[in-house]
Amino acid sequence: MHPATHHNTRLGMLLLVSGPSGSGKTTLCRRAAKAGIANYAISCTTRPPRPGETNGTDYFFLTIEEFKQKIANNELLEHAEVHGNHYGTLKSEIFTHIQAGRDVVMDIDVQGAEHIRNNTDPQIQRALVQLFVMPESEAELRTRLTGRGTDSQQIIETRMQNSLEEMQHWQKYTYCLLSTDRETDYQKFQAILTTESLNTNRINPV
Ligand code: 5GP
(Lines give C-alpha, C1' and ligand atoms only; values in the text may rest on other atoms or scores of the structure.)
Protein backbone atom coordinates (compact mmCIF):
# COMPACT_ATOMS: atom_id res chain seq x y z
CA MET A 1 0.00 0.00 0.00
CA HIS A 2 1.32 3.40 -0.95
CA PRO A 3 2.09 5.43 2.15
CA ALA A 4 0.80 8.67 0.61
CA THR A 5 -2.55 9.60 2.05
CA HIS A 6 -3.52 12.53 -0.13
CA HIS A 7 -6.11 10.51 -2.05
CA ASN A 8 -7.67 9.13 1.07
CA THR A 9 -11.01 10.23 2.26
CA ARG A 10 -11.52 10.94 5.90
CA LEU A 11 -14.26 11.07 8.45
CA GLY A 12 -15.15 14.63 9.39
CA MET A 13 -14.44 15.75 12.92
CA LEU A 14 -17.09 16.61 15.44
CA LEU A 15 -15.66 19.54 17.35
CA LEU A 16 -17.51 20.14 20.61
CA VAL A 17 -17.07 23.70 21.81
CA SER A 18 -18.05 24.38 25.41
CA GLY A 19 -17.49 27.28 27.72
CA PRO A 20 -19.58 29.74 29.65
CA SER A 21 -22.04 32.00 27.85
CA GLY A 22 -20.09 35.06 26.94
CA SER A 23 -16.82 33.19 26.41
CA GLY A 24 -17.07 33.89 22.69
CA LYS A 25 -17.50 30.24 21.67
CA THR A 26 -20.55 30.85 19.48
CA THR A 27 -18.69 33.59 17.58
CA LEU A 28 -15.77 31.24 16.95
CA CYS A 29 -18.02 28.46 15.64
CA ARG A 30 -20.02 30.86 13.48
CA ARG A 31 -16.96 32.47 12.02
CA ALA A 32 -15.45 29.13 11.03
CA ALA A 33 -18.73 28.18 9.36
CA LYS A 34 -18.90 31.49 7.53
CA ALA A 35 -15.34 31.02 6.30
CA GLY A 36 -16.41 27.62 4.94
CA ILE A 37 -13.95 25.61 7.02
CA ALA A 38 -16.60 23.78 9.05
CA ASN A 39 -20.32 23.19 9.27
CA TYR A 40 -22.20 24.64 12.19
CA ALA A 41 -24.59 22.15 13.78
CA ILE A 42 -27.81 24.05 14.38
CA SER A 43 -29.39 22.99 17.67
CA CYS A 44 -32.99 22.87 18.77
CA THR A 45 -34.07 24.95 21.72
CA THR A 46 -37.18 25.89 23.61
CA ARG A 47 -35.76 29.27 24.61
CA PRO A 48 -37.31 32.25 22.83
CA PRO A 49 -35.26 33.86 20.06
CA ARG A 50 -33.18 36.91 21.00
CA PRO A 51 -33.64 39.98 18.83
CA GLY A 52 -31.85 39.36 15.56
CA GLU A 53 -31.90 35.57 15.83
CA THR A 54 -33.49 33.61 12.99
CA ASN A 55 -35.22 30.25 13.10
CA GLY A 56 -33.24 27.66 11.14
CA THR A 57 -30.05 29.72 11.21
CA ASP A 58 -29.27 30.36 14.87
CA TYR A 59 -31.44 27.60 16.27
CA PHE A 60 -34.54 25.66 15.45
CA PHE A 61 -36.86 27.35 17.94
CA LEU A 62 -39.38 24.80 19.17
CA THR A 63 -42.24 24.58 21.61
CA ILE A 64 -41.81 22.16 24.53
CA GLU A 65 -44.23 19.76 22.78
CA GLU A 66 -42.23 19.85 19.54
CA PHE A 67 -39.02 19.33 21.49
CA LYS A 68 -40.48 16.32 23.33
CA GLN A 69 -41.60 14.88 20.01
CA LYS A 70 -38.01 15.07 18.69
CA ILE A 71 -36.85 13.13 21.76
CA ALA A 72 -39.61 10.54 21.26
CA ASN A 73 -38.66 10.18 17.57
CA ASN A 74 -35.03 9.57 18.57
CA GLU A 75 -33.93 12.51 16.45
CA LEU A 76 -31.58 13.96 19.05
CA LEU A 77 -28.01 12.89 19.71
CA GLU A 78 -28.21 14.50 23.16
CA HIS A 79 -30.32 17.01 24.98
CA ALA A 80 -29.99 18.98 28.20
CA GLU A 81 -31.65 21.66 30.24
CA VAL A 82 -29.55 24.83 30.41
CA HIS A 83 -30.56 28.05 32.20
CA GLY A 84 -34.13 26.65 32.48
CA ASN A 85 -34.56 25.92 28.75
CA HIS A 86 -34.13 22.76 26.71
CA TYR A 87 -31.38 22.42 24.13
CA GLY A 88 -30.63 19.47 21.88
CA THR A 89 -28.42 18.35 18.99
CA LEU A 90 -30.13 16.96 15.91
CA LYS A 91 -28.54 13.79 14.54
CA SER A 92 -29.37 15.09 11.07
CA GLU A 93 -26.99 18.01 11.64
CA ILE A 94 -24.09 15.65 12.31
CA PHE A 95 -23.97 12.29 10.57
CA THR A 96 -24.34 13.14 6.88
CA HIS A 97 -21.62 15.78 7.23
CA ILE A 98 -19.01 13.76 9.06
CA GLN A 99 -19.62 10.75 6.81
CA ALA A 100 -18.95 13.00 3.81
CA GLY A 101 -15.69 14.17 5.41
CA ARG A 102 -17.01 17.58 6.41
CA ASP A 103 -16.05 18.90 9.82
CA VAL A 104 -18.81 19.93 12.16
CA VAL A 105 -18.52 22.45 15.00
CA MET A 106 -21.01 22.31 17.84
CA ASP A 107 -21.77 24.90 20.46
CA ILE A 108 -22.73 22.77 23.44
CA ASP A 109 -22.97 23.03 27.22
CA VAL A 110 -20.93 20.84 29.58
CA GLN A 111 -23.80 18.38 30.18
CA GLY A 112 -24.33 17.86 26.46
CA ALA A 113 -20.59 17.38 25.98
CA GLU A 114 -20.63 14.76 28.74
CA HIS A 115 -23.43 12.86 26.95
CA ILE A 116 -21.51 12.84 23.68
CA ARG A 117 -18.26 11.89 25.41
CA ASN A 118 -20.10 8.84 26.76
CA ASN A 119 -21.74 8.00 23.44
CA THR A 120 -20.53 4.58 22.33
CA ASP A 121 -21.19 5.00 18.60
CA PRO A 122 -17.77 4.25 17.05
CA GLN A 123 -18.24 6.93 14.40
CA ILE A 124 -18.95 9.57 17.04
CA GLN A 125 -15.95 8.50 19.07
CA ARG A 126 -13.68 8.62 16.03
CA ALA A 127 -14.98 12.03 15.02
CA LEU A 128 -14.83 13.61 18.46
CA VAL A 129 -12.62 16.58 19.35
CA GLN A 130 -13.27 18.57 22.50
CA LEU A 131 -12.52 22.21 23.19
CA PHE A 132 -13.25 24.37 26.21
CA VAL A 133 -13.19 28.14 25.75
CA MET A 134 -12.23 29.87 28.98
CA PRO A 135 -12.93 33.55 29.57
CA GLU A 136 -9.96 35.64 30.63
CA SER A 137 -11.46 36.52 34.01
CA GLU A 138 -14.71 36.65 35.94
CA ALA A 139 -14.87 40.42 35.38
CA GLU A 140 -14.47 39.98 31.61
CA LEU A 141 -17.18 37.34 31.61
CA ARG A 142 -19.59 39.69 33.37
CA THR A 143 -18.78 42.48 30.94
CA ARG A 144 -19.49 40.22 27.98
CA LEU A 145 -22.73 38.89 29.41
CA THR A 146 -23.93 42.41 30.15
CA GLY A 147 -22.64 43.78 26.84
CA ARG A 148 -24.91 41.51 24.84
CA GLY A 149 -27.62 44.00 25.85
CA THR A 150 -30.45 41.59 25.11
CA ASP A 151 -30.81 39.80 28.43
CA SER A 152 -32.40 41.07 31.65
CA GLN A 153 -30.39 41.50 34.86
CA GLN A 154 -31.96 38.38 36.30
CA ILE A 155 -31.02 36.31 33.25
CA ILE A 156 -27.48 37.70 33.40
CA GLU A 157 -27.18 36.66 37.07
CA THR A 158 -28.41 33.12 36.33
CA ARG A 159 -25.98 32.83 33.44
CA MET A 160 -23.13 34.18 35.57
CA GLN A 161 -23.76 31.53 38.25
CA ASN A 162 -24.04 28.74 35.68
CA SER A 163 -20.89 29.96 33.98
CA LEU A 164 -18.86 29.72 37.16
CA GLU A 165 -20.13 26.17 37.61
CA GLU A 166 -19.41 25.25 33.98
CA MET A 167 -15.85 26.48 34.28
CA GLN A 168 -15.12 23.68 36.77
CA HIS A 169 -15.28 21.16 33.91
CA TRP A 170 -12.50 22.38 31.64
CA GLN A 171 -10.12 19.51 32.40
CA LYS A 172 -12.43 16.98 30.75
CA TYR A 173 -11.68 18.55 27.37
CA THR A 174 -8.67 17.85 25.15
CA TYR A 175 -8.03 21.53 24.43
CA CYS A 176 -8.54 24.66 26.48
CA LEU A 177 -8.46 28.02 24.75
CA LEU A 178 -7.83 30.86 27.16
CA SER A 179 -9.66 33.71 25.51
CA THR A 180 -7.80 36.98 24.95
CA ASP A 181 -8.94 38.94 21.90
CA ARG A 182 -11.12 37.84 19.01
CA GLU A 183 -8.37 37.56 16.40
CA THR A 184 -5.98 35.58 18.59
CA ASP A 185 -8.82 33.32 19.71
CA TYR A 186 -9.83 32.66 16.12
CA GLN A 187 -6.26 31.89 15.04
CA LYS A 188 -6.01 29.30 17.78
CA PHE A 189 -9.41 27.90 16.88
CA GLN A 190 -8.35 27.53 13.25
CA ALA A 191 -5.14 25.85 14.39
CA ILE A 192 -7.15 23.17 16.20
CA LEU A 193 -9.31 22.57 13.13
CA THR A 194 -6.22 22.30 10.92
CA THR A 195 -4.27 20.03 13.24
CA GLU A 196 -7.19 17.73 13.90
CA SER A 197 -7.97 17.48 10.18
CA LEU A 198 -4.58 15.72 9.87
CA ASN A 199 -5.25 13.23 12.65
CA THR A 200 -4.66 9.70 11.35
CA ASN A 201 -7.59 8.38 13.38
CA ARG A 202 -10.02 9.89 10.94
CA ILE A 203 -8.25 9.08 7.69
CA ASN A 204 -9.95 6.16 5.96
CA PRO A 205 -7.65 3.34 4.81
CA VAL A 206 -7.07 3.18 1.02
P1 5GP B 1 -27.69 30.36 24.45
O2 5GP B 1 -29.05 30.38 25.04
O3 5GP B 1 -26.80 31.42 25.03
O4 5GP B 1 -27.70 30.37 22.94
O5 5GP B 1 -27.03 28.96 24.85
C6 5GP B 1 -27.01 28.56 26.18
C7 5GP B 1 -26.14 27.32 26.35
O8 5GP B 1 -26.72 26.21 25.67
C9 5GP B 1 -24.74 27.47 25.81
O10 5GP B 1 -23.84 26.96 26.77
C11 5GP B 1 -24.74 26.62 24.57
O12 5GP B 1 -23.46 26.07 24.32
C13 5GP B 1 -25.70 25.53 24.98
N14 5GP B 1 -26.24 24.80 23.82
C15 5GP B 1 -26.53 25.26 22.59
N16 5GP B 1 -26.98 24.27 21.81
C17 5GP B 1 -26.94 23.15 22.56
C18 5GP B 1 -27.26 21.79 22.30
O19 5GP B 1 -27.66 21.37 21.22
N20 5GP B 1 -27.13 20.92 23.34
C21 5GP B 1 -26.68 21.31 24.56
N22 5GP B 1 -26.57 20.38 25.50
N23 5GP B 1 -26.36 22.58 24.84
C24 5GP B 1 -26.49 23.49 23.86
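**Cysteines, a central strand and a helix pair**

Cys176 is partly exposed, with a relative accessible area of 38%. The structure is a predicted model, and it holds zero disulfides. The points below take up the cysteines, then strand β7 with its partners, and then the packing of two helices.

**Cysteines**
- The sulfur of Cys176 lies 15 Å from the closest cysteine sulfur, which belongs to Cys29, and this is too far for a bond because a disulfide needs two cysteine sulfur atoms within 2.5 Å.
- Cys44 is likewise in no disulfide, since the nearest cysteine sulfur, that of Cys29, is 17 Å away.
- Cys44 has a relative accessibility of 0% and therefore counts as buried, the cut-off being under 20%.

**Strand β7 and its partners**
- Strand β7, which covers residues 104-107, is covered on both faces, with Val104 and Met106 buried on one side and Val105 and Asp107 buried on the other.
- Strand β1 (residues 14-18) runs parallel to β7 and is joined to it by four bridges, and within this pairing Leu16 has Met106 as its bridge partner.
- Strand β2 (residues 39-40) also pairs with β7 in the parallel sense, over two bridges, and here Tyr40 stands opposite Val105.

**Helices α6 and α7**
- Helix α6 (residues 138-147) packs with helix α7 (residues 153-166) at an angle of about 145 degrees, their axes being 10 Å apart, and the crossing is right-handed.
- On the α6 side the contact is made by Glu138, Leu141, Arg142, Leu145 and Thr146, while α7 contributes Ile156, Glu157, Arg159, Met160, Ser163 and Leu164.
- Sorted by class, this contact has five nonpolar, two polar and four charged residues.

Methods: Residues are numbered from 1 along each chain as its sequence is written. This is a predicted model: local features need pLDDT of at least 70, side-chain atom pairs count only at pLDDT 80 or more; totals for chains, interfaces and linings use all residues. Side-chain values use heavy atoms; hydrogens and water are left out. Axes are lines fitted to C-alpha atoms, for helices over the stretch in contact, and angles run from 0 to 180 degrees between N-to-C directions. A crossing is left-handed if the near helix is turned anticlockwise from the far one by less than a right angle, and right-handed if clockwise. Contact means heavy atoms within 4.5 Å. Ala, Val, Leu, Ile, Met, Phe, Trp, Tyr, Cys and Pro count as nonpolar, Asp, Glu, Lys and Arg as charged, and the others, Gly among them, as polar. Buried means under 20% relative accessible area, exposed over 50%, partly exposed in between (1.4 Å probe, protein chains only). Two strands pair if DSSP finds at least two bridges between them.
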